[in-house]
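This report goes through one protein model, element by element. Please keep the sequence and the coordinates at hand while reading.

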Amino acid sequence: MPIMSGLDVLEWLNQHGIRIPVVIATQEDDIKAADVGAVAKLSKPFEVDQLVDAVAVARRGSPQ
């Protein structure tokens, strides 16, 4: 993203008390979803079925 990274957006949401289920997609192996306030993490590249599973987890609100 040109202005903020996805992690910056997630941090901004957390700082402003906005609690929505977030799925992150990253190439960084050392990032854990729960550590950044996301409910699920996809490692790039990912398959469509992995995305569908992650969205289902986000809809339930359970950390993956």
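## The strand pair

Ala25 stands opposite Leu42 in E2, and Thr26 stands opposite Ser43 in that strand. These positions belong to the pairing of E1 and E2, which runs in the parallel sense over four bridges. The model is a predicted one.

In a regular strand, side chains alternate between the two faces of the sheet. E1 shows this alternation: Ile24 and Thr26 point to one face and are buried, whereas Val23 and Ala25 point to the other face and are not buried. E2 likewise has a covered face, formed by Ala40 and Leu42, and an uncovered one, formed by Lys41 and Ser43.

## Thr26

Thr26 lies in strand E1. Its relative accessible area is 13%, and the cut-off for a buried residue is under 20%, so Thr26 counts as buried.

Leaving aside neighbours within four places in sequence, Thr26 is in contact with Ile31, Lys41, Leu42, Ser43 and Lys44. A polar atom of the Thr26 side chain also lies 3.0 Å from the backbone nitrogen of Glu28.

## Helix H3

Helix H3 covers residues 48-60, 13 residues in total. From first C-alpha to last it reaches 19 Å, close to the 18 Å expected at 1.5 Å a residue.

Which residues of H3 are buried? They are Ala54, Val57 and Ala58. Seen down the axis of H3, the buried residues fall within an arc of 100 degrees, so they line one face of the helix. An α-helix has 3.6 residues a turn, so residues three or four places apart point the same way. On the other side of H3, Val48, Val52, Arg59 and Arg60 are exposed. The cover over the buried residues of H3 includes strands E1 (23-26) and E2 (40-43).

## Nonpolar cores

The largest nonpolar core has seven residues in all: Leu10, Leu13, Val22, Ile24, Ile31, Ala33 and Ala38. Apart from this core lies another, of six residues, among them Val39, Leu42, Ala54 and Ala58. Two of the named members of that second core, Ala54 and Ala58, are also among the buried residues of H3.

Two members of the largest core can be followed further. Ile31 touches Leu7, Ile24, Thr26, Val36 and Lys41, not counting residues up to four places away in sequence. Ala33 is found in helix H2 (residues 33-36) and is buried, with a relative accessible area of 7%. With the same exclusion of residues up to four places away, Ala33 touches Ile24, Ala38, Val39, Ala40 and Lys41. Ala33 and Ser5 are 28 residues apart in sequence, and their C-alpha atoms are 15 Å apart in space.

## Two loop positions

Ile18 lies in the loop between helix H1 (6-15) and E1. Is Ile18 buried or partly exposed? Ile18 is partly exposed, with a relative accessible area of 32%. Not counting residues up to four places away in sequence, Ile18 touches Trp12 and Leu13; Leu13 is one of the residues of the largest nonpolar core.

Pro45 lies in the loop between E2 and H3. Most peptide bonds are trans. The bond that joins Lys44 and Pro45 is cis, with omega at about -10 degrees. Lys44 also appears among the contacts of Thr26.

Notes: Residues numbered from 1 in each chain as written. Predicted model: local features only at pLDDT ≥ 70, side-chain atom pairs only at ≥ 80, totals over all residues. Heavy atoms only, no water. Expected span 1.5 Å × (residues − 1). Buried < 20%, exposed > 50% of the residue type's maximum accessible area, 1.4 Å probe, protein only. Arc of directions from axis to C-beta. Contact = heavy atoms within 4.5 Å. Pairing = 2+ DSSP bridges. Core = buried A, V, L, I, M, F, W, Y, C linked by side-chain atoms within 4.5 Å. Polar contact = N/O pair within 3.5 Å; in protein donor to acceptor, adjacent residues only side chain to side chain.
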